Amino acid sequence: MTTRKLEILVGAFVALAIAALLLLAMKVANTGVTGSDQSYKLYAKFDNIGGLKVRSPVKVGGVVVGRVASIQLDPEAFQPVVTLEINSSYSNFPETSSLSILTSGLLGEQYIGLQPGFVDENVEILADGDYIEDTKAAIVLEELIGQFLFNRGNQ
Amino acid sequence: MLDKLQQLGAATIASVQGFGRAALMVFGALWGRPRFVKAWPLYIKQFYVVGVLSLLIIVVSGLFIGMVLALQGYTVLSKFGAEQMLGPLVALSLLRELGPVVTALLFAGRAGSALTAEIGLMKATEQLSGMEMMAVDPLRRVIAPRFWAGVVCMPLLALIFNAVGILGGHLVGVDWLGVDAGGYWSAMQANVDLQEDVLNGVIKSMVFAFLVTVIALHKGFDAVPTSEGISQATTQTVVTASLAVLGFDFVLTAVMFGG
């Protein structure tokens, strides 16, 4: 077989491999839905974050608008501080918005639900570095069961 | 007692010498600037033999392994009502484990054994000594193109294996068993990370490519130059390469995903 024919076949092989890599990179893996340069950061303090993890999604009405960038413990208040990276195409949430930690399904992963608040002339729009004050802690199943049993015992 | 001890010592010395000769062979083949331009036809021939001709077995195996994974995964996942996780199951098991490992095993059987037999026969028919007579370095003319072909082609084959396997899983999971197509892809995208999973899989297959190629070339280059010796060397290539791949796979998995 001539070198030219071999070269064509090898070229086709390499092209196929590159196509496979592109499929894996674009369609299978998440290549950062929120590009880090096109996002802004919001902070929130929770009482309890439950099973929330870094890279957990932030959703508004089920639509992913950002991800959890980092989780740290405030060394003075002993409260978890969650950093959210929100896609800058969603940049007009009012400061009255509230966050709650929710679970998708009975056994699913935990995510942050963002509930946009009302807007009037005294309410400012959240910008990079702002804190969201109104947060609801994650529901811990053991505490819930404990409360239930305690109430039953009182009756 | 002393005889046993002597046997143990002899076996240890023989295996260490084997490692040494393999290292010398690779060093000799790669020492100096690779003459990609001058030896281009040699390289392209080996890329064809090692890479393109292995494509069929890789594509067919990848397709069937993806299909079987989807079928087996579905029966278990549907008991928990978690059919949506079929995509991540197929993708993660292929990208992290099955893609690199099965490709390496198939590659050892398909291309590795052929390399050993070819080089062993070259040695038995004194072609290698003939080259030395003509002041052509057989390490650089025979070993180097095959080494580079193996090391470059196997990660590419593993990528193709992964992609075809995921499409095979789609074929069974979505088109036959009725998992939602959007759920298959979106759950996969939510759970597969480009660096953590795809890149680590590629690194794994690079390590396996080096292992399998060096073992195959060394066994051929070191073969006893008789027909029996060549057949033994070919068998040893497949056995040693498979064991090395599985052993290193455990170590790499522990380092990459264990912590």
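**Entry 1. B:M154 and the core around it**

I started at B:M154 in this predicted model. Setting aside neighbours within four places in sequence, I find B:M154 in contact with B:T103, B:A104, B:F107, B:S205, B:F208, B:A209 and B:V212.

I then looked up the largest nonpolar core, which has 75 residues. B:M154 is among the residues with the most contacts inside this core, together with B:A91, B:L157, B:I160 and B:V212. I note that B:V212 also stands in the contact list of B:M154.

Next I asked which helices supply this core with at least two residues each. From chain A I noted α1; from chain B the entries are α2 (40–51), α3 (55–77), α4 (86–124), α6, α7 (181–191), α8 (194–221) and α9 (227–257). The most comes from α6(B), which gives 19 residues.

Another core lies apart from this one and has 19 residues. I wrote down four of its members, A:A44, A:V58, A:I101 and A:I112.

**Entry 2. Chain B overall**

I counted the secondary structure of chain B and got 9 helices and 0 strands. Along the sequence the pattern reads α-α-α-α-α-α-α-α-α. I put the C-alpha atoms of chain B in a box along the principal axes, and the box comes to roughly 70 × 55 × 30 Å.

Chain B has 259 residues, of which 42% count as buried. I also checked contacts in chain B with a separation of 6 or more; residues 24 or more positions apart account for 87% of them.

**Entry 3. α1(A) against α6(B)**

How do the axes of α1 of chain A and α6 of chain B cross? I took helix α1 (residues 3–28) of chain A and helix α6 (residues 138–176) of chain B; their axes come within 8 Å and cross at roughly 50°. The two helices are therefore oblique to each other. I recorded the crossing of α1(A) and α6(B) as left-handed.

On the α1(A) side the contact is made by A:V14, A:L16, A:A17, A:A20, A:L21, A:L23, A:L24 and A:V28. On the α6(B) side I list B:L156, B:L159, B:I160, B:N162, B:A163 and B:I166. Sorted by class, the contact has 13 nonpolar residues, 1 polar residue and no charged residues. B:I160 in this contact had already come up among the residues with the most contacts inside the largest core.

**Entry 4. α1(B) against α6(B)**

I repeated the check inside chain B. Helix α1 (residues 2–30) of chain B and α6(B) have axes that come within 8 Å and cross at roughly 100°. That angle falls between 65 and 115 degrees, so α1(B) and α6(B) are roughly perpendicular to each other.

From α1(B), the residues B:M25, B:V26, B:G28, B:A29 and B:L30 meet B:L139, B:R140, B:I143, B:A144 and B:F147 of α6(B). By class I get 8 nonpolar, 1 polar and 1 charged residues for this contact.

**Entry 5. The side of chain B that touches chain A**

How many residues of chain B are in contact with chain A? I find 24 residues of chain B in contact with 19 residues of chain A. On the chain B side, α2, α6, α7 and α8 each supply at least two residues. Its classes are 18 nonpolar, 3 polar and 3 charged residues.

**Entry 6. Two positive phi values**

I looked for positive phi in residues other than glycine. A:F78 has phi near 50°. Its place is in the loop between β3 (63–73) and β4 (80–87) of chain A. Is A:F78 buried or exposed? A:F78 is exposed, because 7 other C-beta atoms lie within 10 Å. I also took the C-alpha separation between A:F78 and A:D47, which are 31 residues apart along the chain, and got 8.9 Å.

B:E126 is not a glycine either, and its phi is positive at about 60°. This residue sits in the loop between α4 and α5 (127–133) of chain B. B:E126 counts as exposed because it has 12 C-beta neighbours inside 10 Å, and the cut-off for exposed is 12 or fewer.

**Entry 7. B:E97**

Last, I looked up B:E97, which is in helix α4 of chain B. Because B:E97 has 15 C-beta neighbours inside 10 Å, this residue counts as partly exposed. The C-alpha atoms of B:E97 and B:D249 are separated by 8.1 Å, with their positions 152 residues apart along the chain.

Note on methods: Residues numbered from 1 in each chain as written. Chains lettered and ligands numbered in written order. Predicted model: local features only at pLDDT ≥ 70, side-chain atom pairs only at ≥ 80, totals over all residues. Axes fitted to C-alpha atoms, helices over the stretch in contact; angles between N-to-C directions. Helix = DSSP H or I, 4+ residues; strand = E, 2+ residues; numbered from the N terminus. Parallel < 35°, antiparallel > 145°, perpendicular 65-115°, else oblique. Left-handed = near helix turned anticlockwise from the far one by under 90°. Contact = placed C-beta atoms within 7 Å. Nonpolar A, V, L, I, M, F, W, Y, C, P; charged D, E, K, R; others polar. Core = buried A, V, L, I, M, F, W, Y, C linked by C-beta atoms within 7 Å. Buried ≥ 20, exposed ≤ 12 C-beta atoms within 10 Å, placed from the backbone.
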